[in-house]
Amino acid sequence: MALGSLSPKLNIISGIRNSVSARAIGCRCSMAESIRVAAAQMTSINDLTDNFNTCARLVKEAAAAGAKLLCFPENFSFLGARDGESLQIAETLDGPIMQGYCSLARESNIWLSLGGFQEKGPDDAHLYNTHVLVDDSGKIRSTYRKIHLFDVDVPGGMVYKESSFTISGSDLVVVDSPFGRLGVTVCYDLRFPELYQQLRFQHHAQILLVPAAFTKVTGEAHWEILLRARAIENQCYVIAAAQTGRHNEKRESYGDTLIIDPWGKILSRLPDRLSIGVAVADIDLSVIDSVRTKMPISEHQKPHGYLKYAPSHENH
């Protein structure tokens, strides 16, 4: 399906928040040391062109705000309303859908984190849920295929079985960039802290990317808590771009796009969790160094497998 066909544009509410300089443990960042990043919040639907138009506007907003990296949520380009729709539109990374987003990056001179793209799988019954990083020249720099698939009966909500049409990835991805070392994940990965610990302690990630489409029920309960925990325990910035609002009759996302510093402080979020727009913050890699120096958990960490189970001995 080509992106050139016409469809009505969404009525987009501008959500650019004033940027907040990162601070941690009393350390104030200077503009000379910081770089501006942004995270988009949107309500994707089952229309490739409509979603592309929304993304194009958000790219312009982020670039106008001075952001050098813009992170989009999972399912940014398409969110199906009926079974099988995502498989029907799935494409290879050199197809017109992804190439359109590569052009956006190049034209606006901005890096894009494109989380949760429907990459064509090895057969017509399966796809990959792929997080694609595109640099400011429009070149694809890395791809990460989502490892943990969402097969969950949400309390009081829908039953999800992502594995019925998605093949799980198996490789960790960390990418060097002008903003630091990026650890790449997708949505449900957030509930598996060992993944993030490997990205940080074995592969030296500095910024963790978490594009998501959290359900309303699970988002209300766990979204902010899990994100701040991943930031604190790994001493990394976390950029979490979220889907928000009602996509169709069956599907609703929680929203609340967040940018969090390595001390767990929320640097930026939209005015409300249902806004469509971009959250903007200035991040500084020296803050990471400060936090890690003052709380040197990497030095205190024991080797993997050091914990041994000791069965209790009952008195006879």
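1. Strand 10 and strand 11 are a good place to start. They pair in the antiparallel sense over 4 bridges. Strand 11 covers residues 180-184. Within this pairing, Val174 has Gly183 in strand 11 as its bridge partner. Please keep in mind that the model is predicted.

2. These two strands belong to an open sheet of 6 strands. The order is 10-11-12-13-16-17, and the pairing is mixed. Strand 10 (174-177) and strand 17 (266-269) are the edge strands, each pairing on one side only. On average, neighbouring strands of this sheet are turned by 20 degrees against each other, direction ignored. As a general point, strands of a sheet pair through backbone hydrogen bonds, either parallel or antiparallel.

3. Now go to the other end of the strand order. Strand 16 (residues 258-260) and strand 17 run antiparallel and are joined by 3 bridges. Ile260 stands opposite Ile266 in strand 17. The two strands form a hairpin with 5 residues between them. In that hairpin, Gly264 takes a positive phi near 90 degrees.

4. Which residue sits in the loop between strand 15 and strand 16? Asp256 has its place there. With a relative accessible area of 8%, Asp256 falls under the 20% limit and so counts as buried. Its side chain makes a polar contact of 2.8 Å with the side chain of Arg269. Not counting residues up to four places away in sequence, Asp256 touches Gln41, Trp223, Glu224, Ala242, Arg269 and Arg273. Arg269 lies in strand 17, an edge strand of the open sheet.

5. Ser253 is found in strand 15 (residues 252-254). Is Ser253 buried or exposed? Ser253 counts as buried, because its relative accessibility is 0%. Its side chain is joined to that of His247 by a polar contact of 2.7 Å. His247 also appears among the contacts of Ser253 beyond four places in sequence. The others are Ala213, Phe214, Lys216, Gln243, Thr244, Gly245 and Arg273. Arg273 is thus a contact of Ser253 and is also touched by Asp256.

6. Helix 5 deserves a careful look. The helix spans residues 216-234, 19 residues in total. From first C-alpha to last, helix 5 reaches 26 Å, close to the 27 Å expected at 1.5 Å a residue. Where does helix 5 bend? The bend is at His222, by about 50 degrees. Just after the helix, Gln235 takes a positive phi of about 55 degrees.

7. Several residues of helix 5 are buried. They are Thr218, Gly219, Trp223, Leu226, Leu227, Arg230, Ala231 and Asn234. Trp223 is one of the residues that Asp256 touches. Lys216, at the start of helix 5, is in contact with Ser253.

8. Gly219 is worth a separate point. Its place is in helix 5. Gly219 counts as buried because its relative accessibility is 2%. Beyond four places in sequence, Gly219 is in contact with Phe214 and Tyr254. Phe214 is a contact of Ser253 as well. How far apart are the C-alpha atoms of Gly219 and Asp256? They are separated by 8.7 Å, with the two positions 37 residues apart along the chain as the sequence separation.

9. A second pairing to check is strand 3 with strand 18. Strand 3 (residues 35-42) and strand 18 run antiparallel, joined by 7 bridges. Gln41 stands opposite Gly277 in strand 18. Gln41 is also touched by Asp256. Strand 18 (residues 277-283) is mostly covered, as 7 of its 7 residues are buried.

10. Phe52 is found in helix 1 (residues 48-64). Phe52 is buried because its relative accessible area of 16% is under 20%. Phe52 and Ser77 are 25 residues apart in sequence. In space, their C-alpha atoms are 6.3 Å apart.

11. Last, the whole chain. There are 7 helices and 18 strands. Buried residues make up 54% of the 316 residues. Among contacts between residues at least 6 apart in sequence, 71% join residues at least 24 apart. The pair Phe52 and Ser77, 25 residues apart, can be viewed alongside that figure.

Key: Residues are numbered from 1 along each chain as its sequence is written. This is a predicted model: local features need pLDDT of at least 70, side-chain atom pairs count only at pLDDT 80 or more; totals for chains, interfaces and linings use all residues. Side-chain values use heavy atoms; hydrogens and water are left out. The expected span of a helix is 1.5 Å times one less than its number of residues. The bend at a residue is the angle between axes fitted to the seven residues ending there and the seven starting there. Buried means under 20% relative accessible area, exposed over 50%, partly exposed in between (1.4 Å probe, protein chains only). Two strands pair if DSSP finds at least two bridges between them. Axes are lines fitted to C-alpha atoms, for helices over the stretch in contact, and angles run from 0 to 180 degrees between N-to-C directions. A polar contact is a pair of N or O atoms within 3.5 Å; within protein, one must be able to donate a hydrogen and the other to accept it, and residues adjacent in sequence count only if both atoms are side-chain atoms. Contact means heavy atoms within 4.5 Å.
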